[in-house]
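Here are my notes on the model you passed along. Have it open beside you while you read.

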Amino acid sequence: MHFNRVIPTLRMFNEEKTRAFYVGFLGCKVDFEHRFSSEAPLYMQVSRDGLILQLSDHHGDGSPGVHITIEMEGIREFHAEIAARPYNYFNPAVEKAHWGDALRMGVIDPAGNHIEFIEPQKPAS
């Protein structure tokens, strides 16, 4: 048996602010969008390099304010990239995690979902 990946579905409330955060600020691309009708809530998927997130306006698709952790490499480069973008609502910093040997950077999306990017540090040889 093998599990390939987890694709979380995060709640969203404002399509414009959600796009500004995930596409404009974090640099994701929109993979697909779905609505059952023009008035129906939006369900969409965004991705960037191996990261895949699904975002939903549907009231039954999760609670706002969840916390997810994304393990990655190159957190300082990612931070420099997003810090150079014009986004007025958040200014994250990279810091040493208090719970272990890792670097972390936390962001909060427009629906209050907490996304923590972590980069485990390799022991010195």
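What follows is a set of numbered points, going from the overall layout to the pockets, the rings and a few single residues.

1. **Ground rule.** Keep in mind that this is a predicted model. Every value below is computed from it.

2. **Layout.** The chain has two helices and eight strands. Read from the N terminus, the order is β-α-β-β-β-β-α-β-β-β. Along the principal axes, the C-alpha atoms fill a box of roughly 55 × 45 × 25 Å.

3. **Burial, surface and contacts.** Of the 125 residues in the chain, 39% are buried. The exposed area is about 7900 Å², and carbon and sulfur atoms supply 53% of that. On contacts: take those between residues at least 6 apart in sequence, and 51% of them join residues at least 24 apart.

4. **The largest pocket.** How much space lies in the largest pocket? It comes to about 450 Å³. The lining has 21 residues, and those nearest the centre are Gly-50, Leu-51, Ile-52, Ile-70 and Glu-71. Two elements give two or more residues to this lining, namely β4 (51–56) and β5 (67–71). The largest share belongs to β5, with four residues. Sorted by class, the lining has 13 nonpolar, three polar and five charged residues.

5. **The second largest pocket.** This one holds about 160 Å³ of space. Its lining consists of Glu-16, Lys-17, Ala-20, Tyr-87, Tyr-89, Phe-90, Ile-108, Asp-109 and Pro-110. Which element supplies the largest share of that lining? Helix α1 (residues 15–25) does, with three residues. The class split is six nonpolar, no polar and three charged.

6. **Lys-17, from that lining.** Lys-17 sits in helix α1. With a relative accessible area of 46%, Lys-17 is partly exposed, because that value falls between the 20% limit for buried and the 50% limit for exposed. Pro-110, which also lines the second largest pocket, is 93 residues from Lys-17 in sequence, yet the two are 6.4 Å apart in space, C-alpha to C-alpha.

7. **Aromatic pairs in helix α1.** There are seven aromatic pairs in the structure. One of them joins Phe-21 and Phe-25, at 5.7 Å centre to centre with 45 degrees between the planes, and is tilted. Where do the two rings stand along helix α1? Phe-21 and Phe-25 are four residues apart in that helix, so about one helical turn separates them. Both Phe-21 and Phe-25 are buried.

8. **A stacked pair between strands.** Phe-32 and Tyr-43 have ring centres 6.4 Å apart and planes at 20 degrees, so this pair is stacked; the angle is under the 30 degrees that stacking calls for. Phe-32 belongs to strand β2 (residues 29–34) and Tyr-43 to strand β3 (residues 43–48), so the pair ties together parts that are eleven residues apart in sequence. Is Phe-32 buried or exposed, or in between? Phe-32 is partly exposed, at a relative accessible area of 35%.

9. **The ring cluster.** Ring pairs also link Phe-21, Tyr-22, Phe-25, Tyr-87 and Tyr-89 into a cluster. When you look at this cluster, go back to the second largest pocket too: Tyr-87 and Tyr-89 are among the residues that line it.

10. **Asp-49.** Have a look at the backbone here. Phi of Asp-49 is near 50 degrees, a positive value in a residue other than glycine. Where is Asp-49 found? Its place is the loop between β3 and β4. Asp-49 is exposed, with a relative accessible area of 74%, because the cut-off for exposed is over 50%.

11. **Val-6.** Val-6 is found in the segment before β1 (9–11). Its relative accessibility is 72%, so Val-6 counts as exposed. How many residues along the chain lie between the positions of Val-6 and Leu-53? They are 47 residues apart, while their C-alpha atoms are separated by 9.0 Å.

Methods. Residues are numbered from 1 along each chain as its sequence is written. This is a predicted model: local features need pLDDT of at least 70, side-chain atom pairs count only at pLDDT 80 or more; totals for chains, interfaces and linings use all residues. Side-chain values use heavy atoms; hydrogens and water are left out. On a 1 Å grid over the protein atoms alone, a cavity is a set of points where a 1.4 Å probe fits but cannot get out, and a pocket is an open set with protein on both sides within 12 Å along at least five of seven lines; lining residues have an atom within 4 Å of a point. Grid points are joined across faces, edges and corners, and a volume is the space filled by probe spheres set on the points. Ala, Val, Leu, Ile, Met, Phe, Trp, Tyr, Cys and Pro count as nonpolar, Asp, Glu, Lys and Arg as charged, and the others, Gly among them, as polar. Rings of Phe, Tyr and Trp (its six-membered ring) pair if their centres lie within 6.5 Å; planes under 30 degrees apart count as stacked, over 60 as edge-to-face and the rest as tilted. Buried means under 20% relative accessible area, exposed over 50%, partly exposed in between (1.4 Å probe, protein chains only). Contact means heavy atoms within 4.5 Å. Accessible areas come from the Shrake-Rupley method with a 1.4 Å probe; for residues, only the protein chains shown count as cover.
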